[in-house]
Amino acid sequence: MSSEDQLQVLVLDIYSQIKGTPLELELFKQAQIISQNPLLRSSELKQTVIETLSKKEHGTQLKNTVYKYLQKRPAVPHPKAGPEHLKEPLTYIRKAQSNWDKRIVKSLNSMCTELGVPLARKRSEKDQKEVIVHWGELGTAAPDLSAFRPVYAPKDFLEVLVGLRNPNAHSGEPSSFSSLWGIIQVPLRIRSIMELRLRFNEMSINQCQTGVDDNPDIPPELFDNDRSKLAKKVLNNKHSPLSQEFLKKGAPPGVRAELWKQTLGVDVDQIDQLYYEQLKSYVVQHDLLVDSLIYKDVKLTATNDDQYFVFEDYIYQVLFPFSRDTQVLDHFKHSSANPPKSYIRGKLGVEEFAVHYPPNGVIPFHGFAMYVAPLCYIYDDPVVLYYVFRELYMRYFFRLHQISSHPQSIVSLCLLFESLLQSQEPQLFLHLKTIQAQPLRIAFKWLIRAFSGYLDSEQVLLLWDRVLAYNSLEILAVLAVAIFSFRKTNLLQVGTASAAEGVLADITTLKVVPLIQLSLFST
Amino acid sequence: MNADPKNGTVKTPVYIKVGDPKKEFFSGCCIFDVAFPNTVSVEINEFSFKNYYGHTLTVMARRKEEPGIEPKWKTCLKRMKLMPNPHFETGAQDYFTVTRKQLLFDLTNVTGLRFILRQPSPVWKEFKLEELTFVKTTSETAKSAPLPAWLLRPPRAHGDYPEEKEIKGLPPMDDLSSHLQQMWAMVQQATANQTQVSLGRFDVDNSYDINLLSYT
């Protein structure tokens, strides 16, 4: 396909996104008003309409919509490549993910059979009323959860990643010259330290950062005042790329909520409110087994965490509707996983009665609720919270628990972590390897949760600022290396794996931004 | 001229070895020829393939020459990069299409093609090209089928063809068909204006009772 054809396809794709939305209607109306100007010559009509529109508010909205689409859009596939090639180009990784999908399905099925509960059923009238009454305090309405267990934990998933071998590479064979020193043996391309320095150059030590230079000990006139002023200007502009650029140096806490919304292109209008209400009614109508898994997960993680236990009910109000949201299914088009399938009871094998389970296709694992928890500090309206979370999940978080060769996938992040640690701290890496404490086994739980629940909540948000700003999860691996470097002296003194784990058990006191700066830019 | 994707016959790839032929030593170079049986020569517009761990591709072509001149292999594609980095598998199984623009000369009167695939990295056990297809135009020109006679017939005036009796209670056929066309256009417009936003229903016939997940 020539580049012109590709552009044509792109324009059509984008148009299909905008078609029928209130934005299109508004743009159309505006264009009509402009074209009614009697002084306008017909030869200049098109040009004038485009120019005038792009200066108006709706023009910016259109730009934001296009930008949002471009950020999420996968590369244009080759016409010969099938849909599965778009999901994951490497055959053996595709197979590994499909085996993993099957394993999850099996484990869910056996849970159903053991406990004698169906995956989904309609609630009785009485139960429906109960749910409506308790919507604000769903935590108190939790069923008996003692028999439930999370479908899988990060550890199980790590084992699968460790077992990944390319059948066409010599690296998988033991004692091969090309096998890697870490536990991940997939030869994917990852960025080198120099490339990372260029990528994250706005974070370099000579540049002021929110998260470092807004410390109360530093007089605000040096940095903080100007930063807040600039933040206001950026917000008034309502332009996504601008907000994203601003986030590269972190968001001042007061304006983070708006900045993130602008960067992610989340603008909750009446239709979105209505859609959330609809999802809520679906929660009321149907009782899903996944709800119990979410309950169990929240009780095990967020409720147990002194930073997040107050938000327990908020998290339910996000995750229950999330599991019913079929728009989430869209992300499977460019992710290696496939949503589990099932049939309505009594209609096994009849294609018209095939459904996805859960409706959004995402089975929560141990720690899933922690993707939501830090957001509760920014947004007090559960509806806004919901849409921001959904956008974050569909852009970034799904990559953290799927096997894929994408440069942002958890496999690449693990590999980046291991190779960075080897090149930055060779002595430390060798020491840990010798005492059987493979560093990734310690760091994996941080990576899969994007550090949520391990760091102080404010620090998590400062970290996620950078994820949004650079549109990349790579910063997670950089931070993990930085933490190892920071605790190097203690780690070099321990002689067992459990002691090494002990040294890194509590990282709540760490400040992420200076650590990342130190690890990336100090020589 | 008819453009149709046809497969040439791909001969068995030869991996170049260095030194003792009995010893396994990959030079990182693999050669295979493609012949086009049952045709004297072909014209190739483009070819596509799926790469499997090859790093660069060079293609040579042999063209039909004047009688008396020995046909020679000439390079028509020089070291096209298939993988961004030979040691890393990112992009190792991608699809490619090589079009006229990328070739050094037009592939006309071609009697055979020779593919030279290189993989300098020792990390991989095997490298090859898969699903190789050519879009070619053979020298024979196919006649375009003439339009059917009934399409060429001039639009008839009302009252012609007395053998086709008018059906009672119906307006004239031509009026009817023009109305139908209008309606069809309206339907097309209506479907084109529909949004792609789904309603988000996940239940079938108001039921979402599920017992177990399916394994397929």
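Which loop of chain A holds Pro358(A)? The first legend below takes up this question, and the others move on to further close-ups of this predicted model.

**View 1. A cis peptide bond at Pro358(A).** Pro358(A) sits in the loop that runs between β4 and α16 (382-395) of chain A. The peptide bond joining Tyr357(A) to Pro358(A) is cis, and its omega is about -15°. If you are preparing this model for your own calculations, here is the spot to find that bond: Tyr357(A) and Pro358(A).

**View 2. A positive phi at Ala450(A).** Ala450(A) is not a glycine, yet its phi is positive, at about 55°. Look for Ala450(A) in the loop between α19 (439-448) and α20 (457-470) of chain A.

**View 3. The annotated region of chain A.** According to UniProt, in an unreviewed entry, residues 250-471 of chain A are listed as "domain: Rab-GAP TBC". Over these residues the chain is 50% helix and 4% strand. The C-alpha atoms at the two ends of this stretch are 13 Å apart.

**View 4. Where chain A meets chain B.** Chain A brings 57 residues to the contact, and chain B brings 43 residues. About 4600 Å² is buried between the two chains, with carbon and sulfur atoms giving 54% of that area. Between chain A and chain B there are 20 residue pairs in polar contact, both residues being at pLDDT 80 or more. Several elements of chain A each supply at least two residues to the side that touches chain B, among them α6 (91-115), β1 (120-122) and α13 (270-285). The most comes from α6(A), with 9 residues. Sorted by class, this side of chain A has 27 nonpolar, 18 polar and 12 charged residues.

**View 5. A salt bridge across the interface.** Side chains of opposite charge can pair when their charged atoms come close. How many salt bridges are there between chain A and chain B? The count is 1. Arg345(A) and Asp209(B) form a salt bridge, and their closest N and O atoms are 3.6 Å apart.

**View 6. A sheet shared by two chains.** Three strands make an open sheet in the order β4(A)-β3(A)-β11(B), with antiparallel pairing. The edges are β4 of chain A and β11 of chain B, each of which pairs on one side only. On the chain A side, β3(A) and β4(A) are joined by 3 bridges, and Tyr343(A) has Ala354(A) as its bridge partner in β4(A). Across the interface, β3(A) pairs with β11 (residues 213-214) of chain B over 2 bridges. Here Ser342(A) has Leu213(B) as its bridge partner.

**View 7. A salt bridge within chain A.** Of the structure's 31 salt bridges over all chains, this view shows the one between Arg324(A) and Asp291(A), with closest N and O atoms 2.7 Å apart. Arg324(A) is in the loop between α15 (312-323) and β3 of chain A, while Asp291(A) is in helix α14 (residues 289-300), so the pair ties together parts that are 33 residues apart in sequence.

**View 8. Antiparallel strands in chain B.** Strand β6 (residues 56-63) of chain B pairs with β9(B) in the antiparallel sense over 8 bridges. Within this pairing, Val59(B) has Phe115(B) as its bridge partner. Strand β5 (residues 42-52) of chain B also pairs with β9 (residues 107-118) in the antiparallel sense, over 2 bridges. There, Val42(B) stands opposite Val110(B).

Note on methods:
Residues are numbered from 1 along each chain as its sequence is written. Chains are lettered from A and ligands numbered from 1 in the order in which they are written. This is a predicted model: local features need pLDDT of at least 70, side-chain atom pairs count only at pLDDT 80 or more; totals for chains, interfaces and linings use all residues. Side-chain values use heavy atoms; hydrogens and water are left out. UniProt positions are given in the numbering used here, feature names are shortened, and annotations may be inferred rather than shown by experiment. Contact means heavy atoms within 4.5 Å. Buried area is the accessible area (1.4 Å probe) that two parts lose on being put together, summed over both. A salt bridge is a side-chain nitrogen of Lys or Arg within 4 Å of a carboxyl oxygen of Asp or Glu. A polar contact is a pair of N or O atoms within 3.5 Å; within protein, one must be able to donate a hydrogen and the other to accept it, and residues adjacent in sequence count only if both atoms are side-chain atoms. Ala, Val, Leu, Ile, Met, Phe, Trp, Tyr, Cys and Pro count as nonpolar, Asp, Glu, Lys and Arg as charged, and the others, Gly among them, as polar. Two strands pair if DSSP finds at least two bridges between them.
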